[in-house]
Structures are given as structure tokens and as C-alpha cells.
Amino acid sequence: MGIILKNGKLLDLDTGLLLSREIEIEEGLVRKIKDHIEIPETHNLQVIDLRGGVIVPGFIDMHVHLRDPGLEYKETIETGTKAAARGGFTTVACMPNTKPVLDTPEQMRYIYETAEKTGFARVLPYAAITRSERGEELTDMEALKKAGAVGFTDDGVGVQSGGMMRSAMERAKSLELPIVIHAEDETLSGKGCMNEGEVSKRLGLPGIPGVAESVHVARDVLLAELTGAHLHVCHISDASAVDLVRWAKKRGIHVTAEVTPHHLLLTDESIDGTDANWKVNPPLRTEKDRLACLEGLLDGTIDMVATDHAPHSEEEKQRAFQVAPFGFVGLETAFPLLYSELVLKSKLISLPDLVKKMATAPADVFGLSGGRLRSGGVADLTVLDLQQERTIDAGEFLSKGRNTPFVGRKVKGWPVLTVCGGRITYQNLPTA
Ligand SMILES: NC(=O)N[C@@H](CC(=O)O)C(=O)O
Ligand SMILES: [Zn+2]
């Protein structure tokens with residue numbers, strides 16, 4: 001059955017104008033975008049009244065931990081993609097630090113098949129760079145590409161050996177897939193549990209210095225220059241790392257980067273060392289780092305927003321700060337948080353630019369469908385209620401994870417309808 005969306009406002013990403021348009025969706029595609037679509041007397045169409053909701057391309061999140069296989073107590077492909085749909089996402093790329101690690105073609109097929117059966121979003125698996133993410137032996141990258149890997153990453157850990165990273169980039173270059181890095185030199189991050197600085201010293205907690213991230217970014221942009229590979233930097237958080245990406249781009253090196261909502265909005269100043277819902281890797285850093293990330297996002301150094309949705313169980317996050325696992329959930333709060341804080345409050349970014357950072361840029365950088373709305377294109381879209389204001393309540397999450405420091409924040413701009421490939425994956429339209 002087709003769908004007709006009425007009484008919506010289509011956001012023009014070039015001009016920022018909100019256009020009164022009706023959209024017809026059929027067989028997974030956008031068939032028509034018109035001022036008015038005539039509905040025949042006898043029809044088999046579902047007509048949805050959007051009540052002034054703003055229509056944007058479905059969001060794309062290139063950094064999500066779905067925890068499946070092996071860690072289903074934290075999340076499954078079903079619950080993680082339900083959370084994605086609730087957050088307005090229609091495509092997510094899932095990280096391979098599962099149990100076992102996603103490092104074989106069979107594992108790629110498992111993700112595609114399970115997502116097909118139980119998913120509420122398109123799921124694109126990353127494959128590991130090294131077997132079991134141990135940093136010792138490269139995976140069969142060619143076979144993994146054939147099985148549908150969207151890129152290669154050992155996310156969760158850094159690839160410690162420069163020689164190993166060089167070989168990985170050489171292969172990735174010949175396969176025309178990106179190397180996606182979790183930049184962390186373990187000899188520098190050690191047993192740290194938060195950013196190394198004044199706050200960690202005051203709290204007496206072991207720190208992770210920003211340089212643990214930036215030395216890997218420095219190494220890997222130079223290796224990308226040497227090999228010609230596409231390097232994508234995950235969850236950038238350190239001011240020097242942002243400068244290095246800016247320098248590399250100027251030099252013509254093929255590098256892209258993502259930043260999370262939490263590194264754009266929070267700093268280590270808010271950490272008191274008692275609540276592990278504030279523990280994440282890379283850690284929340286200083287105001288200087290936060291501002292550098294914002295500047296990088298605004299000047300194009302940082303291409304896109306990614307949530308690094310990293311669900312953990314309540315029991316795990318109740319452990320002492322030093323021993324609890326790193327990670328925040330992020331899919332269900334990313335847009336309202338960024339819209340409220342950066343578009344409405346600080347007015348640093350426009351609504352269309354935010355949507356580009358969450359949809360168009362990831363599609364362009366990774367060569368994916370979606371990211372923009374046009375007739376004939378895939379019907380991946382999100383409808384936002386920009387007036388709806390609600391307090392973030394982890395009890396409402398569709399994710400199994402509740403671990404976010406943003407609980408209790410009052411934010412505006414909640415997704416009310418998500419359509420992925422012509423199928424309604426989330427609906428919470430206000431009733432009359
Ligand atoms: N970001 C985190 O704090 N944790 C991630 C790993 C990662 O993205 O590095 C996880 O898998 O839990
Ligand atoms: Zn990571």
C-alpha cells in the first residue's frame with residue numbers, strides 16, 4: 001500500500017524554506033512531491049495528516065553499537081533499530097565490537113539477514129580491520145567487502161601498530177572502502193576513566209589525555225596521505241585532533257570525521273566521579289575541546305554527526321566509575337538535543353545545516369542512498385514536530401540501554417514519523 005503525506009512542511013535544504021508540499025510514496029520510493037496530490041475516489045493509499053510537521057530526509061548514523069551477536073542483554077538489532085527509528089534515523093552503520101567480533105563474511109550476512117527480519121532501519125555493518133579486533137592479523141577485507149561491509153574499523157580499540165594500519169589502508173584503498181578509526185594510543189590512555197586534566201586530578205581519578213587520541217589522528221592522516229586511502233575519524237573529541245583533520249584536508253588528504261552530540265554539548269566539568277552514566281570513550285573533555293569540535297563542525301572540518309550509541313545494562317552502569325564500561329546511548333535524543341541547544345539556544349547552526357550533518361553528509365561521504373528527498377529517490381524520511389517540547393526520560397527509550405547523562409533535559413523538536421524504504425518504522429503523531 002502506498003502512502004500520501006499531507007499537511008507537512010518540506011524543509012528545503014538549500015534555502016532553509018519550509019514548503020507546503022504533499023508527498024506520495026509507493027514501492028519504497030518517493031513517487032511525487034507536489035503542491036497538491038489528487039487522491040482518486042477508489043484508492044489503496046494510506047493518507048497521513050502531518051499537522052504541520054517538518055519533513056526532512058531520514059537521518060543516517062554511521063556509528064552505532066547494536067551489540068548483536070553475543071551481547072543481546074545490552075541491545076539487539078531489533079531494539080537498536082527501533083530506537084533509531086524513534087530518533088528519526090533510517091540508516092545506521094553498526095560497529096563490529098560484538099561477541100564474536102564481526103570479522104567474517106558470514107557475520108556480515110548474519111547482520112543483513114537479521115536486520116531484514118527484525119529491523120526497523122537499514123543496517124550497514126562495518127567489518128573489523130583485524131581479526132577479533134586484536135590488532136595482530138588483518139581480516140579478509142576483500143571477502144568482507146563482497147559480503148557488504150560498509151568500511152573497516154576496530155572501533156572500541158585503536159589499532160596500535162602503525163605498520164598494521166598502513167597495510168590495512170593499502171588494502172582498503174584498493175577495495176575503495178574507508179578505514180574508520182577509533183583513535184587511541186593505549187600506552188597513553190592506560191587505565192584512565194575520564195579526561196586527564198584539572199577535574200580528574202581534583203577527583204583523584206586516572207585520566208585519558210587528549211594526546212592519546214591526537215597522536216593516532218596524526219599518524220593516520222599521514223598514512224592516508226602515503227596510501228591514498230579514505231580515512232574516517234570516529235567520535236573526534238580533542239582540539240588538536242580537530243586541528244590535524246583541518247590541516248590534512250587543506251593538504252588534500254582524503255580524510256573525513258564525525259563528532260557526537262555529547263562531545264558538542266558536554267564537558268568533564270559536569271563529572272563528579274560517582275555516576276558512570278557520565279563515562280564514555282573518548283571521554284568528555286574540556287570547554288576548549290568542546291568549542292574546537294563545534295568550530296570544526298561549523299567550518300566543515302568535521303563532516304557529520306554520529307551518535308556512538310553505546311548501550312550497556314543498568315547493572316553495568318551502576319558499577320563504580322573506574323570499573324563501569326564506557327558509553328552512552330544516543331539514537332533517541334540526538335536530534336532534539338542538537339536542535340534545542342545549537343539551533344534554538346546558541347543559534348550556531350541553522351536547521352538545514354544540522355539536517356545536512358545528520359543525513360546528507362553521511363550519505364555523500366559513504367556513498368549511500370538517502371540523505372536528500374527527491375521524486376524517484378528512496379522513501380527514507382523523518383517528520384519533526386519542532387514545537388513539541390519534552391523532558392528526556394530514559395524510561396521511554398525503545399533501546400535496552402538507559403545510559404545517558406542527558407536524562408532530565410527539556411528539549412524541543414521530537415521526531416513524530418519515520419519512514420524507511422516506504423515503510424512506517426515509527427509513528428507518534430499528535431492526535432487532534
Ligand atoms: N564509546 C564508548 O564509550 N564505548 C563504545 C566503544 C567505542 O565507540 O569506542 C562501546 O562499544 O561501548
Ligand atoms: Zn570508539
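Let us start at Phe326, which is partly exposed because 18 other C-beta atoms lie within 10 Å, a count that falls short of the 20 needed for a buried residue. Keep in mind as we go that this is a predicted model. Phe326 sits in the loop between helix H11 (314–317) and helix H12 (334–345). Beyond its neighbours within four places in sequence, Phe326 makes contact with Lys279, Val280 and Asn281.

From here we can step to the ligand. Phe326 is one of the residues surrounding ligand 1, and Val280 and Asn281 belong to that shell too. Also around ligand 1 you will find, among others, His65, Asn97, Asp155, His182 and Asp308. By type, the shell residues comprise 4 nonpolar, 6 polar and 2 charged.

The UniProt record, an unreviewed entry, has something to say about this region. Under "binding site" it lists His65, Leu66, Arg67, Asn97, Asn281, His312, Phe326 and Gly327. Arg67 is placed in the loop between strand E6 (59–64) and helix H1 (77–86). Arg67 counts as buried, because it has 26 C-beta neighbours inside 10 Å. Setting aside residues within four places in sequence, the contacts of Arg67 are Glu72, Lys74, Glu75, Thr98 and Pro311.

A "binding site" annotation in UniProt, again from an unreviewed entry, covers His63, His65, Asp155 and Asp308. These residues are spread over 246 residues of sequence, yet they cluster in space, with a largest C-alpha distance of 10.1 Å. Two of them are worth a visit. His63 lies in strand E6 and is buried, because it has 27 C-beta neighbours inside 10 Å. Asp308 belongs to the loop between strand E14 (304–305) and H11, and with 28 C-beta neighbours inside 10 Å it is buried as well. His63 and Asp308 are in contact with each other, and His235 appears among the contacts of His63 and among those of Asp308. Asp308 also touches Thr260 and Gly330.

Finally, let us turn to the nonpolar interior. Nonpolar side chains tend to be buried together in soluble globular proteins. Here the largest nonpolar core has 128 residues, of which Tyr126, Phe152, Ile179, Val233 and Val245 touch the most other members. Helix H13 (residues 351–366) supplies the largest share, 8 residues. Both domain 1 (2–55 + 377–427) and domain 2 (58–366) contribute residues, so this core lies between them. For a closer look, pick Ile179: leaving out residues up to four places away in sequence, Ile179 touches Ile129, Phe152, Ala168, Met169, Ala172, Ala229 and Leu231.

How values were computed. Residues are numbered from 1 along each chain as its sequence is written. Chains are lettered from A and ligands numbered from 1 in the order in which they are written. This is a predicted model: local features need pLDDT of at least 70, side-chain atom pairs count only at pLDDT 80 or more; totals for chains, interfaces and linings use all residues. UniProt positions are given in the numbering used here, feature names are shortened, and annotations may be inferred rather than shown by experiment. Helices (H or I, at least four residues) and strands (E, at least two) are DSSP runs, numbered from the N terminus. A residue is buried if 20 or more other C-beta atoms lie within 10 Å of its own, exposed if 12 or fewer, and partly exposed in between; C-beta atoms are placed from the backbone. Two residues are in contact if their C-beta atoms, placed from the backbone, lie within 7 Å. A residue is near a molecule or strand if its C-beta atom, placed from the backbone, lies within 6 Å of it. Ala, Val, Leu, Ile, Met, Phe, Trp, Tyr, Cys and Pro count as nonpolar, Asp, Glu, Lys and Arg as charged, and the others, Gly among them, as polar. A nonpolar core is a set of buried Ala, Val, Leu, Ile, Met, Phe, Trp, Tyr and Cys residues joined through C-beta atoms within 7 Å. Domain bounds come from an automatic or database domain assignment.
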